[in-house]
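Work through the exercises below with the sequence and the coordinates open. Each task is followed by a solution in steps.

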Amino acid sequence: TDITFDKKSKTDATSKNEVCLTCHQGSKRIGWQGSKHGLNDVACTSCHQVHAKNDKVMGKFTQIEVCSTCHKEQRTQVNKPSHHPIVEGKMNCASCHNVHSDTPKQLVKDSTNDTCYTCHMEKRGPFVHNHQPVTEDCGICHQPHGTSISGMLKSRAPFLCQECHSQSGHPGQVFALPSGRTT
């Protein structure tokens with residue numbers, strides 16, 4: 001979701017951020033200027049409370065409140081039946097995302113798969129029969145924030161499979177439940 005503001009707030013955001021970045025520069029915040037939030041002139045104070053003892057964006061249970069003020073679609077997704085345990089407080093947005101980073105999708109690792117493998121190492125493989133989309137991007141089949149389909153799949157089988165595989169590509173097997181020996 002892109003965040004845009006009018007010219008006046010861009011100027012305000014830049015000046016506010018300069019004050020914060022005089023002390024808070026480096027480590028996990030090193031890529032702020034190249035991050036999606038930084039490039040869209042989001043002020044640090046849009047998410048953080050200045051020098052607050054309990055900053056809402058830092059808490060596992062309260063971080064989603066802060067992030068979802070802009071990211072409403074993701075808030076809806078994490079409240080669907082099949083979701084990462086964000087609303088339960090077992091993880092939060094920062095478990096996967098680093099909003100101060102300039103990596104793609106502002107992930108904590110360089111790719112979607114590397115981020116997913118942080119918790120789901122058993123999915124890494126190698127396997128005897130690797131399924132190519134798994135090595136490309138977990139997001140091809142899964143909606144990481146949540147869906148109404150178990151396993152956080154984007155759609156149900158066989159429809160998900162038919163997005164890439166068609167019956168014409170597998171003429172020896174009709175795309176249904178197997179009733180006997182198949183080729």
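A disulfide is a pair of cysteine sulfur atoms within 2.5 Å. The model is predicted, so local features need pLDDT of at least 70 and side-chain atom pairs count only at pLDDT 80 or more, while totals for chains, interfaces and linings use all residues. Residues are numbered from 1 along each chain as its sequence is written, and side-chain values use heavy atoms, with hydrogens and water left out.

**Exercise 1. Cysteines**

Task: Determine how many disulfides the structure holds, and explain the result for Cys67 and Cys96.

Solution:
- Step 1. For Cys67, the closest cysteine sulfur is in Cys93, 3.8 Å away, which is too far for a bond.
- Step 2. For Cys96, the closest cysteine sulfur belongs to Cys119; the separation is 6.7 Å, again too far for a bond.
- Step 3. The count of disulfides is zero.
- Step 4. Cys96 has 24% relative accessibility and is therefore partly exposed, given that buried means under 20% relative accessible area, exposed over 50%, and partly exposed in between (1.4 Å probe, protein chains only).

**Exercise 2. Ser35**

Task: Locate Ser35, classify its accessibility and list its contacts.

Solution:
- Step 1. Ser35 lies in the loop between helix H1 (7-21) and helix H2 (36-39). Helices (H or I, at least four residues) and strands (E, at least two) are DSSP runs, numbered from the N terminus.
- Step 2. Ser35 is buried because its relative accessibility is 0%.
- Step 3. Its side chain reaches the backbone nitrogen of Gly38 at 2.9 Å.
- Step 4. Leaving aside residues up to four places away in sequence, Ser35 touches Val99, His100, Ser101, Asp102 and Gln106; contact means heavy atoms within 4.5 Å.

**Exercise 3. His84**

Task: Which backbone oxygen does the side chain of His84 reach, and is His84 buried or exposed?

Solution:
- Step 1. His84 sits in the loop between strand S1 (82-83) and helix H5 (112-117).
- Step 2. With a relative accessible area of 16%, His84 is buried.
- Step 3. The side chain of His84 reaches the backbone oxygen of Pro144 at 2.6 Å.
- Step 4. Pro144 is also among the residues that His84 touches, together with Met91, His120, His145 and Met152, not counting residues up to four places away in sequence.

**Exercise 4. Leu160**

Task: Place Leu160 in its element and describe its surroundings.

Solution:
- Step 1. Helix H7 (residues 159-162) contains Leu160.
- Step 2. Leu160 is buried, at 12% relative accessibility.
- Step 3. Beyond residues up to four places away in sequence, Leu160 touches Cys141, Leu153 and Ser155.
- Step 4. The C-alpha atoms of Leu160 and His142 are 9.9 Å apart, with the two positions 18 residues apart along the chain.

Definitions and conventions. A polar contact is a pair of N or O atoms within 3.5 Å; within protein, one must be able to donate a hydrogen and the other to accept it, and residues adjacent in sequence count only if both atoms are side-chain atoms.
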